[in-house]
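Open the model in your viewer and keep the selection panel at hand. The stops below go from one selection to the next.

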Amino acid sequence: MPAQLIDGNALAKKVRLEIATRTAILTAKGVKPGLAVLLVGEDPASQVYVRNKVKACEDVGMHSILERHPADLSEEKLLKRIAELNQDASIHGILVQLPLPKHIDSHRVIEAIAPEKDVDGFHVANAGALMIGAPLFRPCTPYGCMKMLESIEYPTKGARAVIVGASNIVGKPMAMLLLQAGATVTICNSKTKDLAAHTKEADILVVATGRPKMITGNMVKPGAIVIDVGINRLPDGKLCGDVDFDEVKYVAGAITPVPGGVGPMTITMLLLNTLEAAERIKI
Ligand code: NDP
């Protein structure tokens, strides 16, 4: 029997309704949650992502601004703009779309965002706070994955979780969140020996490598929960994940599709983080 499908679109819709309600309540009290999205350059995928983020804000009644800057914007000018937005009372969340052009140090840019407006959760203060279990913001993609696990009421305590991919924005924070939820966590990277020996042990398998369909059916434990973070464009223009969905759906107990899985939940968690940033303002 094919695995249960964890429908990211349906879950995102439900969570966004709750966000819209809380946004309306806060707005009525005089604080309209606001997100500023900064895009530097013309990366086509980034253009789509930022449009989706701004549209999602509008749909839940939030204020949003989208700033498109030319690819040759200087780092100094970008830092200056972030400093202004840090002081802007109508903006509660600041997001700089990555990747940035090579002449800009993205680490320095992220550190320039006030931690209390760092709705992506990438600032070192939030990354460190996540490590000790007290972040202001959880990074949106792993946070969305945790919501998906919650939605199927999967008991994370004592579960064996394996994460394939160890980036700062997905793999590492995912490991922290699962650890805090009581799972026993293994993180794999490109140097991991005998990857399948690890993945086959997983009750919860989270994959975020950017390698299309690299997790095949024989790498998955029967009944496992498989969360596919990958977004890859195939030569025929179709999107696929890092998991071979057509094979793995016959082995897993539950699986997220691509598209329509983690992607919509990532944007939803961005909205939730922005809302919570605004809710922290003393009225
Ligand atoms: P990065 O390129 O930053 O990191 C990839 C990680 O995967 C690295 O840790 C790398 O190991 C590891 N890796 C690469 N190849 C292998 C392999 N063969 N076996 C085991 N590990 C491997 O990617 P991101 O974390 O930024 O993104 C990962 C994927 O998730 C991409 O497809 C991206 O588009 C997608 N994504 C989707 C989001 C969503 O909202 N759905 C949000 C963010 C990302 P090493 O450390 O050794 O290099």
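The tour goes through two annotated spans, a sheet, two helix pairs and a few backbone details.

This is a predicted model, in which local features need pLDDT of at least 70 and side-chain atom pairs count only at pLDDT 80 or more, while totals for chains, interfaces and linings use all residues. Residues are numbered from 1 along each chain as its sequence is written, and side-chain values use heavy atoms, with hydrogens and water left out.

**Annotated spans**

Select residues 6-120, which an unreviewed UniProt entry annotates as "domain: Tetrahydrofolate dehydrogenase/cyclohydrolase catalytic". UniProt positions are given in the numbering used here, feature names are shortened, and annotations may be inferred rather than shown by experiment. The end C-alpha atoms of this span lie 23 Å apart, and 50% of the span is helix and 16% strand. Helices (H or I, at least four residues) and strands (E, at least two) are DSSP runs, numbered from the N terminus.

Next select residues 139-280, covered by the annotation "domain: Tetrahydrofolate dehydrogenase/cyclohydrolase NAD(P)-binding" in an unreviewed UniProt entry. Here the end C-alpha atoms are 18 Å apart, with 35% helix and 17% strand.

**The sheet**

Show the strands as ribbons and look for an open sheet of six, in the order β1-β11-β8-β7-β5-β6, with parallel pairing. Two strands pair if DSSP finds at least two bridges between them. At the edges are β1 (4-5) and β6 (184-188), each of which pairs on one side only.

Now select β5 (residues 160-164) and β7 (residues 204-207), which pair in the parallel sense over four bridges. Label Val164: its bridge partner in β7 is Val207.

Add α7 (residues 171-180), which lies across β5, β6 and β7 and runs at about 170 degrees to β5. Axes are lines fitted to C-alpha atoms, for helices over the stretch in contact (heavy atoms within 4.5 Å). Angles run from 0 to 180 degrees between N-to-C directions.

**α6 against α7**

Keep α7 and select α6 (residues 140-151): the two pack at an angle of about 40 degrees, with their axes 9 Å apart. That angle makes α6 oblique to α7, since under 35 degrees counts as roughly parallel, over 145 as roughly antiparallel, 65 to 115 as roughly perpendicular and the rest as oblique. Their crossing is right-handed; the term applies if the near helix is turned clockwise from the far one by less than a right angle, and left-handed if anticlockwise.

Show side chains for Pro142, Tyr143, Cys145, Met146 and Leu149 of α6, which meet Pro173, Met174, Leu177 and Leu178 of α7. By class, this contact has nine nonpolar, no polar and no charged residues. Ala, Val, Leu, Ile, Met, Phe, Trp, Tyr, Cys and Pro count as nonpolar, Asp, Glu, Lys and Arg as charged, and the others, Gly among them, as polar.

**α1 against α10**

Select α1 (residues 8-28) and α10 (residues 262-279), packed at about 15 degrees with their axes 9 Å apart. This makes α1 roughly parallel to α10, and the crossing is left-handed. The contact has 13 nonpolar, four polar and four charged residues. Among them are Leu11, Val15 and Arg16 in α1, and Met265, Leu272 and Glu276 in α10.

**Backbone details**

Where are the cis peptide bonds to inspect? One runs from Leu98 to Pro99, with omega near 0 degrees, and Pro99 is in the loop between β4 (93-96) and α4 (106-112). Another joins Val258 and Pro259, with omega about 0 degrees; Pro259 is in the loop between β11 (254-255) and α10.

Finish at Glu153, in the loop between α6 and β5. Glu153 is not a glycine, yet has a positive phi of about 55 degrees.
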